[in-house]
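Me: Please take me on a close look at the salt bridges in this model and at what surrounds them. I'd like to know which residues pair up and where they sit.

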Amino acid sequence: AAHSSFKVSRSHVLNGQSVLFSGRVQGRPLPPRGKLIELQVWLSEWSTFRTVHSKADGSWSIRYPFTRVCDVQKFKFRARLPAEGGFPLETGISHVLAVRVRGRPCFTG
């Protein structure tokens, strides 16, 4: 299965701040446009929120801002590497990372 390292710049942020997700795809050869990486968040099931392509050396990164977060929430993220033409490995999934976000107080009423 395909594999990528998977890092996040900070594991605790405030609402309105961003984190940087990054990694490096393992395995060669890479497709000419780079390897497709789907960034996913757990929302009662895994949901893709961004798609990126690696660079020629396999590295990739994307900045993600947190907005509209209420109270304190913990989000779980992973990188999914789908099978695709020009890449010899099957679909793979990274380990899971958690990011804790402190948001503004939310009122229900």
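Reply: Happy to. There are three salt bridges here, counting a Lys or Arg side-chain nitrogen within 4 Å of an Asp or Glu carboxyl oxygen. The model is predicted, so local features need pLDDT of at least 70 and side-chain atom pairs pLDDT 80 or more, while totals for chains, interfaces and linings use all residues. Residues are numbered from 1 along each chain as its sequence is written, and side-chain values use heavy atoms, leaving out hydrogens and water.

Let's start with R24 and D57, whose closest N and O atoms are 3.3 Å apart. This pair links distant parts of the chain, with R24 in strand β4 and D57 in the loop between β6 and β7, 33 residues away (strands are DSSP E runs of at least two residues, numbered from the N terminus). R24 has 36% relative accessible area, so it is partly exposed (buried is under 20%, exposed over 50%, partly exposed in between, with a 1.4 Å probe and protein chains only). D57, at 39%, also counts as partly exposed.

Next comes K35 with E84, where the closest N and O atoms lie 2.7 Å apart. K35 belongs to the loop between β4 and β5 (36-42) and E84 to the loop between β8 and β9 (92-93), so their bridge ties together parts 49 residues apart in sequence. K35 is buried because its relative accessible area is 0%, whereas E84, at 25%, is partly exposed.

The third bridge joins R80 and E38, with 2.8 Å between the closest N and O atoms. Here too distant parts of the chain are linked: R80 is in strand β8, E38 in strand β5, and 42 residues separate them. R80 is partly exposed at 24% relative accessibility, while E38, with 16%, is buried.

K35 also has a polar partner worth a look. The side chain of S54 reaches the backbone nitrogen of K35 at 2.9 Å. S54 is found in the loop between β6 (46-53) and β7 (59-65), the loop that also holds D57. At 6% relative accessibility, S54 is buried. Leaving aside residues up to four places away in sequence, S54 touches V25, L30, R33, G34, K35, I37, S59 and W60 (heavy atoms within 4.5 Å).

Two of those neighbours, I37 and W60, lead us into the nonpolar interior. Together with F6, F66 and F77, I37 and W60 touch the most other members of the 23-residue largest nonpolar core (buried Ala, Val, Leu, Ile, Met, Phe, Trp, Tyr and Cys joined through side-chain atoms within 4.5 Å). Strands β4, β5, β7, β8 and β10 (97-102) each supply at least two residues of this core, and the largest share, four residues, comes from β8.

Finally, the rings. The model has 12 aromatic pairs (ring centres of Phe, Tyr and Trp, the last by its six-membered ring, within 6.5 Å; planes under 30 degrees apart are stacked, over 60 edge-to-face, the rest tilted). One of them, F21 with F77, is tilted, at 4.8 Å centre to centre and 55° between the planes. F21 lies in strand β4 (residues 18-26) and F77 in strand β8 (residues 72-81), so this pair ties together parts 56 residues apart in sequence. Both F21 and F77 are buried. Ring pairs link F6, F21, F49, W60, Y64, F66, F75 and F77 into a cluster.

Technical notes
A polar contact is a pair of N or O atoms within 3.5 Å; within protein, one must be able to donate a hydrogen and the other to accept it, and residues adjacent in sequence count only if both atoms are side-chain atoms.
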